[in-house]
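Colleague: Take me through the sheets in this model, please, strand by strand where you can. I'd also like to hear about the loops and helices that go with them.

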Amino acid sequence: MSTRDLILALEKLGMPGMSAFHMVSEEEAEVIRSLVLERAEAQAPPAEAPALPEKAPPKGKPRPPVVAVLGHIDHGKTTLLDRIRRTHVASEEPGGITQSIGAYQAQVDGKLITFIDTPGHRAFTAMRARGAKATDIAVLVVAADDGVMAQTLEALDHIKAAGVPMIVAINKIDKPEAKPEMVKQQLANLGYVPEDWGGETIMVPISALTGQGVDDLLEMILLVAELEGISGDPEGELEAIIIESHLDPAKGPVATAIVKNGTLRERDVVVAGTAWGRIRALLDHQGKRIPAAGPGTPVQILGLSEVPPAGEKLERLGSPKEAEELVEKRREEERAKRLSVRPRPTLEELLSAAQTKKLVLVLKAQTVGALEAVKLELNTIQAEGVELEVLHAGVGQITESDVLLAAAETQGQPLILGFGVKIDPKAQRLAEQRGIPVRTYDIIYDLTLDVERAMKRLLGPEIREVKVGEAEVLKTFDIAGVGRVAGCAVRSGRVVRGAKVRVLRRGQEVFVGEIASLKRFAEDVKEVREGYECGLRIRDFDDVREGDVIEVYVVEEVPVQ
């Protein structure tokens, strides 16, 4: 009986809200034991029953979950992967800090887990910005001695935006100064309440250095994978995502991909962005050549024409000709995009074009105090019909990671704001490429005023009717080929050709339209003022009568203040 089936069955028996990690009383344990035994007896075939024909197995079957490891610098991400993979990656890298991502598989009780390392969260979000979802589960590493730090908060925002399940690994519990309960309290204050405190966030204390608790972490990953129903069909349509690529002097372009569905084979013709080729060789995470890679498998691909960017989807085509045609079409589109002379969109243009009514902010400030002050001011802004969400708030200059996080936003209009900080030149170029507006401020009033204007602009301009005059119909004239013309006296304001009109008869509105023509004596005029008479014709309305009152008004767009 799977964990998912058990939880559903318990819910029907009046035990809702259970999870795979709940502690139960002896009475509840007896109920669960009875339920499992009943299910086993019900599934057991009768002793003399004839053998039934075997059912075809379902196409989708459980596959290795793809796990990303994120966290603050030096909190032990690489050491944890080192422990899991039984290799020594950290010692081969400058300063012991991860420099690039890789993909590896670990075997736990006969089951496989695929790990991606995403330093600085950049690759993790770059894939999301391209519409790819390579990761199934995120493991957030927090050091028990340092607690929640700036990049921990950044990682939390990236995981939340990605919408993937998260497990917290509280690392370095072997240190004398470790305070795992402090870490739990810090995360609880951020809304991530541990399961052992009655919340929903799985937190596992570990020591990546000694190995303590690492097996528990791996078991939790497998449990979450089972609950999430992570599966793939080896015979299905290929779904694979590039997670890393580089140019090797001996091998040429090399790309690392994760296969999510289907099977990738040697000699397949594939396309990733503007890179294509017939696969010359497939290598597993240990560098061994393999003939094929199924769901959940990380694999290195040799034989591509160029180096594809991370996050590109890998597509299989029927022939090299089809691949070349597709790549040429994409290159033409890119070339046309580069050559098109178009000014960079302004914040106002981007906001006026937005169809959603949600403003999503990535906020950076010089200090934590300044950041809190800005957030407090933002909480005072109200714009009916527009939602304001702070996707990420952090300390330091605006970086490429901030731009990628904003670019991955699909539910609203992203906007990056800096208070007392500058934007990194690389991040500036990336923001221009992705069309993400970035604003920096030194005065908090200017920042909040611009945010308020942006929120109002998302609603579009306010439309207002402004009455400009009123006229009374003294006599009507029916002219062949023209229609009915009203002879009027302007009682107040002015009558303007092309203006909107409202025809009132004994105080009741009978028609709304516009003035098609306006004359004074025999001459066409643009307007006639109070105290004068005129002749006018109302477009598509020939029922105007003597004694009718014609209200003249214009429709104005009220500029956002």
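Modeller: I'll start with the sheets and then move on to the helices and loops.

A word on the ground rules: this is a predicted model, where local features need pLDDT of at least 70, side-chain atom pairs count only at pLDDT 80 or more, and totals for chains, interfaces and linings use all residues. Residues are numbered from 1 along each chain as its sequence is written, and side-chain values use heavy atoms, with hydrogens and water left out.

Let's begin with the eight-stranded sheet, which is open, with antiparallel pairing and the order 13-12-18-9-10-17-14-15. (Strands are DSSP runs of E with at least two residues, helices are runs of H or I with at least four, and both are numbered from the N terminus; two strands pair if DSSP finds at least two bridges between them.) The edges are taken by strand 13 and strand 15 (289–290), and each has a single partner strand, so one side of each has no neighbour in the sheet.

At the strand 13 end, strand 12 (residues 269–272) pairs antiparallel with strand 13 (residues 275–278) through four bridges. Val270 has Gly277 of strand 13 as its bridge partner. These two strands make a hairpin with two residues between them, and Gly273 in that turn has a positive phi of about 65°. Elsewhere in the sheet, strand 9 (residues 239–248) and strand 10 (residues 252–261) run antiparallel and are joined by nine bridges. One of the matches there is Ile242 with Ala257 of strand 10.

Now for the parallel sheet. That one is open too, with four strands in the order 20-19-21-22 and parallel pairing. Strand 20 (387–395) and strand 22 (438–441) are its edge strands, each pairing on one side only. From one strand to the next, the twist averages 20°. Strand 21 (residues 413–419) runs parallel to strand 22, with four bridges between them, and Leu417 stands opposite Arg439 of strand 22.

Stay on strand 22 a moment, since Thr440 lies there. Thr440 counts as partly exposed at 38% relative accessibility (buried is under 20% relative accessible area, exposed is over 50%, partly exposed is in between, with a 1.4 Å probe and protein chains only). Its C-alpha atom is separated by 9.5 Å from that of Ala365, although the two residues are 75 apart along the chain.

There's another parallel pairing earlier in the chain: strand 6 (residues 166–171) and strand 7 (residues 202–205) are joined by four bridges. In that pair, Val168 has Met203 of strand 7 as its bridge partner. Add helix 6 (residues 180–189) and you get a right-handed β-α-β unit from strand 6, helix 6 and strand 7; right-handed here means that, with the strands pointing away from the viewer, the path from the first strand over the helix to the second runs clockwise.

On to two other helices. Helix 11 (residues 400–407) packs against helix 12 (residues 425–434) at an angle of about 20°, with the axes 8 Å apart (axes are lines fitted to C-alpha atoms, over the stretch in contact for helices, and angles run from 0 to 180 degrees between N-to-C directions). That makes the two helices roughly parallel, the label for angles under 35 degrees. The crossing of helix 11 and helix 12 is right-handed, meaning that the near helix is turned clockwise from the far one by less than a right angle.

Finally, the loops. The structure holds one aromatic pair: Phe511 and Phe541 are stacked, at 4.4 Å centre to centre and 10° between the planes. (Ring centres of Phe, Tyr or Trp, using its six-membered ring, must lie within 6.5 Å, and planes under 30 degrees apart count as stacked.) Phe511 belongs to strand 26 (residues 508–520), while Phe541 is in the loop between strand 29 (533–538) and strand 30 (549–558), 30 residues apart. Phe541 is buried, at 10% relative accessible area.

Phe521, by contrast, is exposed at 75% relative accessibility. Phe521 lies in the loop between strand 26 and strand 27 (523–524), and has a positive phi of about 60° although not a glycine. Asp109, also not a glycine, has a positive phi of about 50°. Asp109 sits in the loop between strand 3 (103–108) and strand 4 (111–117), and is exposed at 68% relative accessible area. For background, most residues other than glycine have a negative phi.

Methods:
Phe/Tyr/Trp six-rings, centres within 6.5 Å; stacked < 30°, edge-to-face > 60°. Parallel < 35°, antiparallel > 145°, perpendicular 65-115°, else oblique.
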